[in-house]
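Here are my notes, written as numbered points so you can follow along with the model open. Shout if anything looks odd on your screen.

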Amino acid sequence: MANRCERRKSCSDGDYCVIVPDQVSGWLTEGRNGFKRPRAQELQSAVTNESINLRMLVGTWNVGGKTPHEGLNIRDWFTTQAPADIYVLGFQEIVPLNAGNVLGAEDSGPSAKWLSLIRRALNLNRKEHELPQYYEDATNPDKPRVSFSDLLSLEDELEREDSQTFLNQNPNSNSNGSPNGMPHRYCLAASKQMVGIFLCVWVRADLQRHISNLRVSCVGRGIMGYLGNKGSISISMTLHQTTFCFVCTHLTSGEKQGDEVRRNSDVTEILRKTRFSPTCSCPGQPLPPDSILEHDKIIWLGDLNYRLASGCGDVYELLKRNNWQALLEKDQLKIEQRSGRVFKGWEEGRIYFAPTYKYLANSDHYVVHTSKSKEKRRTPAWCDRILWKGEGLKQMWYLRGESRFSDHRPVYAMFSVQVDVVNKSKPMRSCISKPTTVTCVAKVQAEELLLLPRAQSFRETSGSELTSHILSGKQPTNARITAQ
């Protein structure tokens, strides 16, 4: 436990009040009232670059309620010509959306397995025999339940051991990886599950100490407009001096006329209700954003569930001819966005790939292609999307994967991201009241109380109490965040 606390200190509030170049000494001078101020000429000579460009890969996948098996290959997301510095991976339906999973205790077993697969895909040279067994124990009903914090502690331990082993064997290398040896190591920066929605953020190990203000907020938009079978998970963080918000969503399903209005409403409510708990490291420092749109750079990913508008009778012919542009003219998201009813001012890359939904199980055929299928007939659509907002974000490509694991195909995009490493002038929301002590953790796993009063936990409530609460129609309280 001591080791884990020591690691958390790497991004404590003392580390992100100001960036001081290591090679500069005596650059702080005494100001009025005892405040330390940089001498302008020394600061100008010490900082030569105000920003850096990083690569960020964003992926989204509705996995249809299926738990991944050990042999599932997800390396398509990671095998690019040059590796990314940040990976933002969102999933929908990591558990079946049945009453037990929506109303009962959260099943974290599938999310642990996804983390294991991602970790091994990103860190190919890591020890692979310890974590799978540990995750198997965690999801085995005949064995005592293993907490999520225990899983993260094991990952911490393995990462430290692997790093030290590599450095001992390669004394001329550094912790960032080098062309002569091991590729970059990646660490889990934050993760959160809400019923079937799961979002995780991975960063290059040497970037982790520059991350601060990690916070999470969840909004339920499912049953009764509050439950977590539909909705959003948002993760807010600051990297160097740039604020990021990643919003993973699963919006209202259905292809009846008018369902797109409900999806628009979901987006509006997510933007309105998502709030990040206020934090402030020290007086005079700007507060981090408390809503989605206040961030410098925002990525919105997920199963947005927008379909093709009714009246597109030549779908089959256009599918045969791979005429995606003609089909996209009927895409509800593009229609609603052009009309200004949703995602006004947001951007999405050009789509040059086939619709991502709905496929027959373990097949390259859409459900609509056969009348023998017992599946509901669904018109193929681009349900799975990635949008962005903010300056300094440039999409390099926008693709889909071809895994047959689910009835959806995964979608992913690579971005070039400009990150400020020194504090440029921005509108500042100062700490007026006594500043709250901030504990910046390397990983966030939160409990959102979507239904119950603040004093109660979702998991501690009996079935009868929960049913009574739902039937009473009481509005749930705001989400509380508990960070490990």
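1. Let's start with a pair: in which helix do lysine 273 and glutamate 269 both lie, and how many residues apart are they? The helix is H7, residues 259-273, and the two sit 4 residues apart, about one turn of the helix. One general point helps here: an α-helix has 3.6 residues a turn, so residues three or four places apart point the same way. Lysine 273 and glutamate 269 do form a salt bridge, with their closest N and O atoms 3.8 Å apart. Lysine 273 is partly exposed at 29% relative accessible area, while glutamate 269 counts as buried at 16%. Bear in mind throughout that this is a predicted model.

2. Staying with H7, its length checks out. For 15 residues at 1.5 Å a residue, the helix should span 21 Å, and its end C-alpha atoms are indeed 21 Å apart. Its buried residues are Asp259, Glu260, Arg263, Asn264, Asp266, Val267, Glu269 and Ile270. What covers them? Strands S7 (211-220), S8 (231-239), S9 (242-250) and S10 (297-303) are included in the cover, along with helix H10 (332-338).

3. Asp259 also has a salt-bridge partner. Lysine 256 pairs with aspartate 259, the closest N and O atoms being 3.7 Å apart. The two ends of that bridge contrast: lysine 256 is exposed, with a relative accessible area of 57%, whereas aspartate 259 is buried at 3%.

4. For the wider charge picture, the structure holds 19 salt bridges. As background, side chains of opposite charge can pair when their charged atoms come close. Arginine 321 and glutamate 317 make another such bridge, at 3.9 Å from N to O, and glutamate 317 is partly exposed with a relative accessible area of 40%. Take a look, too, at the network of salt bridges that links Asp364, Arg400, Glu402, Arg404 and Arg409.

5. Glu402 from that network turns up again in the lining of the second largest cavity. The other lining residues are Trp61, Asn73, Ile74, Asp76, Trp77, Gly401, Ser403 and Pro410. By class, that lining has 4 nonpolar, 3 polar and 2 charged residues. The space inside comes to about 70 Å³, and the model has 5 cavities of 30 Å³ or more.

6. Serine 232 is worth a click. It lies in strand S8, and its relative accessible area is 0%, so it counts as buried. Which residues touch serine 232, leaving aside neighbours within four places in sequence? They are Met194, Ile197, Ser217, Cys218, Val219, Val247, Cys248, Thr249, Ile270 and Thr274. Ile270 in that list is one of the buried residues of H7.

7. Now some backbone spots I'd inspect. Most residues other than glycine have a negative phi, and most peptide bonds are trans. Valine 195 has a positive phi near 55°; it lies in the loop between strand S5 (186-194) and strand S6 (197-204) and is buried at 9% relative accessible area. Asparagine 322 also has a positive phi, near 55°, and is found in the loop between helix H8 (315-320) and helix H9 (324-328). With 48% relative accessibility, asparagine 322 counts as partly exposed. Separately, a cis peptide bond joins tyrosine 357 and lysine 358, with omega about 5°. Lysine 358 lies in the loop between H10 and strand S11 (384-389).

8. Helix H4 (residues 109-122) is mostly covered, with 13 of its 14 residues buried. From first C-alpha to last, H4 reaches 20 Å, close to the 20 Å expected at 1.5 Å a residue. Glutamate 70 sits in the loop between strand S3 (51-62) and strand S4 (86-92) and is partly exposed, at 48% relative accessible area. Its C-alpha is 9.2 Å from that of serine 116, though the two are 46 residues apart along the chain.

9. Finally, the overall view. The chain has 11 helices and 13 strands, and 52% of its 484 residues count as buried. Of the contacts between residues at least 6 apart in sequence, 71% join residues at least 24 apart.

Conventions: Residues numbered from 1 in each chain as written. Predicted model: local features only at pLDDT ≥ 70, side-chain atom pairs only at ≥ 80, totals over all residues. Heavy atoms only, no water. 1 Å grid on protein atoms, 1.4 Å probe; cavity = no way out; pocket = protein on both sides within 12 Å on 5 of 7 lines; lining within 4 Å. Points joined across faces, edges and corners; volume = space filled by probe spheres on them. Nonpolar A, V, L, I, M, F, W, Y, C, P; charged D, E, K, R; others polar. Salt bridge = Lys/Arg side-chain N within 4 Å of Asp/Glu carboxyl O. Buried < 20%, exposed > 50% of the residue type's maximum accessible area, 1.4 Å probe, protein only. Expected span 1.5 Å × (residues − 1). Contact = heavy atoms within 4.5 Å.
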